[in-house]
Amino acid sequence: MFVGLLLMILATLVMPGFMFRLMCFSGRYLRSLGYEVNYVRNFTDVDDKIISRANQLGEDPIGLSRRFCEEFHQDMEDLHCLPPSVEPRVSDHISHIIDMIKQILDNGCAYRTDADVYFAVDKFPHYGRLSGRKIGDNRAGERVAIDTRKKNPADFALWKSAKEGEPSWESPWGPGRPGWHIECSAMSAAYLGYSFDIHGGGMDLIFPHHENEIAQNCAACDKSDISYWIHNGFVTIDSEKMSKSLGNFFTIRQVIDLYHPLALRHFLIGTHYRSPINYSDLQLESASERIFYIYQTLHDCEDFVGRNDATGLDNIPPQTIDCISNFENILFTAMSDDLHTPDILAALSDPLKTANDLLHTKKGKKASLRRESLGALEKTMRNALAILGLMPTGYTEALQQLKEKALKRAKLTEEEVLSKITERDTSRKNKEYEKSDAIRKELAAAGIALMDSPEGTKWRPAIPSRLQEQLAAATT
C-alpha cells in the first residue's frame, strides 16, 4: 500500500511555526497501518515576500530562504515531526516549472503578455470547485492582483518577467521567475505525479493557491486527480489569526524556551487540526502538566515492571484486557475518522487511571498479575504516544526536562524549591501550620505543587494557582 502526501511551505512563514498541526502525526499513523508513505514537503524559496524581505536586509533571496529552511528543520526536529521523504525547493526545479508552463500553453490554457505568462481561468470550467467560489467573485484588488494586461482579473501569473533586484532564470519567454502557484504544482508533479492521495496546507491556502493548483494541474494533464485536500485551522491569539503581518505571533523557539517541545505538541494536537486553536499560557501550562502526569505514570509502570517484558495477553486479567481493547478501539476509530487526536488524548485517561490504581492504591497493590497488567498498559500507551509523536527518548529525561522548564517559568532554582520544602517541613514539625500553608501557596502560585508522602515531600510542575482559578471559572 502506498500513499503520496504533500505539504507546502513558504519559506518566509517558517518562523511563526504553527502551520504544521496536520502533518506532524498523520504520516506516523499511516505507516502504523502498513502504508508506504511518500511524504513530499515543498520549500517555496522564490516568492514575492522573500524577495522583498531579502532586499530589506540586503541579502540574497535564495540565501535568506536557505537560512530560514535550516531554522525550520531545527524547529521540526524539536517538535518530533518526521522528516519528509523528499524536500524539493523551487530554485532547484526551474526546468520542471518551465516544462509545465509549456504544457499548459500548448493545451491552450495560458497566454503571453510580453515576457509574462498568465493562466486563463476561463479555460478551466471547474475553477472554484475546491473553494466553492465563482470566477465572478474574484474582484481585482482583493485577492487577485490588478493588471490591465489580464484577460480576466482572476487570471494569475505562471511566469513573471525579470525585474531589477529580483532573481531570474532564462526561459522561452525571456528571463524571469515563476509565479507562486505553478511552483508547487510542478514540484508535486515531479515527485508524486499528477495524481496522488493527500494534499495539505493551511486554511488560507484553499483560495486562491490550491484552487489555482487544481486548475494548473488539470490544464497540464487532464488525468490529474488529488484524492483528499486537507487544511489545518490557525493558531489564534484572542481569536485573531497568529501572523507576522499582525505582529501577534510567537516563534517556536520563544515558546520552547519556557515549555517542553512535547508540551507544545500536545497543545497543538489537543484540538482537531481543522479547527482554530487559541494560544494562551493556560493552555500551554495545562498541556505541560498533562504530559508530566503521562510520563510520570509510564515511568512508574516501567520502573515497577523492570527490564523484562511482561508475559503475554493470556496472562492479563480480563478487566485490563478490556481497558486496553477499549482504548485501542478509540485510537483506531478516532485516527481513521479525519485524525481526531483530541479524542485519543481524552481516552488516555482510562488506561492512565487503571495504571495509577494498580501502582498506588491498596486494592491495586493486591491485584493478581499486577506486573503483567502494568507492562501491557505501559506498552499500549507507549504505542499510542509513538503514533501521536509524543513519545520521548526516555521518561526520566523528559520528566527532568519538564521540571527544568517549570523552574525557569517560576524563576526559581531547584535548590530554592528544596530549601522551601525544608523550611515547610520545619514549620510543620513546630506546628506552625499557617507558615507551612503559606509556603505551599507561594510555590503553588509559581507553578510548583508539593506532594506529601510517608517517604517525604516531593515537588512537581503544576498549573500556577492564578491560572487554575481562571480554568475553574471557565468550566463553571
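**Exercise 1. A salt bridge between two helices**

Are Glu285 and Arg409 buried or exposed? Determine their burial state and describe how the two residues are paired.

*Solution.* The model is a predicted one, in which local features need pLDDT of at least 70 and side-chain atom pairs count only at pLDDT 80 or more, while totals for chains, interfaces and linings use all residues. Residues are numbered from 1 along each chain as its sequence is written, and side-chain values use heavy atoms, with hydrogens and water left out.

Step 1. Apply the burial cut-offs: buried means under 20% relative accessible area, exposed over 50%, and partly exposed in between (1.4 Å probe, protein chains only). Glu285 and Arg409 are both buried.

Step 2. Apply the salt-bridge criterion, a side-chain nitrogen of Lys or Arg within 4 Å of a carboxyl oxygen of Asp or Glu. Glu285 and Arg409 form such a bridge, with 3.0 Å between the closest N and O atoms.

Step 3. Place the partners. Helices (H or I, at least four residues) and strands (E, at least two) are DSSP runs, numbered from the N terminus. Glu285 belongs to helix α9 (residues 281-305) and Arg409 to helix α15 (residues 395-410), so the pair ties together parts that are 124 residues apart in sequence.

Step 4. Examine Ser288, which is also in helix α9. Ser288 is buried, at 3% relative accessible area. With contact meaning heavy atoms within 4.5 Å, and with neighbours within four places in sequence left aside, Ser288 touches Tyr259, Ala263, Leu402 and Arg409.

**Exercise 2. Two further salt bridges**

Describe the pairs Glu378–Arg382 and Lys420–Glu442 by distance, location and accessibility.

*Solution.* Step 1. Recall the principle: side chains of opposite charge can pair when their charged atoms come close. The chain has 21 salt bridges by the rule applied here.

Step 2. The side chains of Glu378 and Arg382 meet at 2.8 Å, N to O. These two residues are separated by about one helical turn, because they stand 4 residues apart in helix α14 (residues 370-388). Glu378 is buried at 6% relative accessible area, whereas Arg382 is partly exposed at 30%.

Step 3. Lys420 and Glu442 form a salt bridge at 3.3 Å, N to O. This pair links distant parts of the chain, with Lys420 in helix α16 (residues 414-429) and Glu442 in helix α17 (residues 433-445), 22 residues apart. Lys420 is partly exposed at 24% relative accessibility, and Glu442 is partly exposed at 43%.

Step 4. Asp48, Lys160, Glu166 and Arg177 are joined into one network by salt bridges that share partners.

**Exercise 3. The surroundings of Leu358**

Which residues does Leu358 contact, apart from its neighbours within four places in sequence?

*Solution.* Step 1. Leu358 is located in helix α12 (residues 349-360) and is buried, at 10% relative accessibility.

Step 2. Apart from those neighbours, the contacts of Leu358 are Gly364, Lys365, Ala367, Arg370, Ser373, Leu374 and Leu377.

Step 3. The C-alpha atoms of Leu358 and Ser368 are 9.9 Å apart in space, with the two positions 10 residues apart in sequence numbering.

**Exercise 4. Backbone features**

Which peptide bond is cis at Pro208, and where do Asp114 and Leu339 lie?

*Solution.* Step 1. The bond from Phe207 to Pro208 is cis, with omega near 5 degrees. Pro208 lies in helix α6 (residues 206-220).

Step 2. Asp114, a residue other than glycine, has a positive phi near 60 degrees. Asp114 occupies the loop between β3 (110-113) and β4 (116-119) and is exposed, at 62% relative accessibility.

Step 3. Leu339 likewise has a positive phi, near 55 degrees. Leu339 sits in the loop between α10 (318-336) and α11 (341-347) and is buried, with a relative accessible area of 11%.

**Exercise 5. The chain as a whole**

How many helices and strands does the chain contain, and what percentage of its residues count as buried?

*Solution.* Step 1. The chain contains 18 helices and 13 strands.

Step 2. Of its 476 residues, 50% count as buried.

Step 3. Among contacts with a separation of 6 or more, 73% involve residues 24 or more positions apart.

Step 4. Along the principal axes, the C-alpha atoms fill a box of roughly 90 × 50 × 40 Å.
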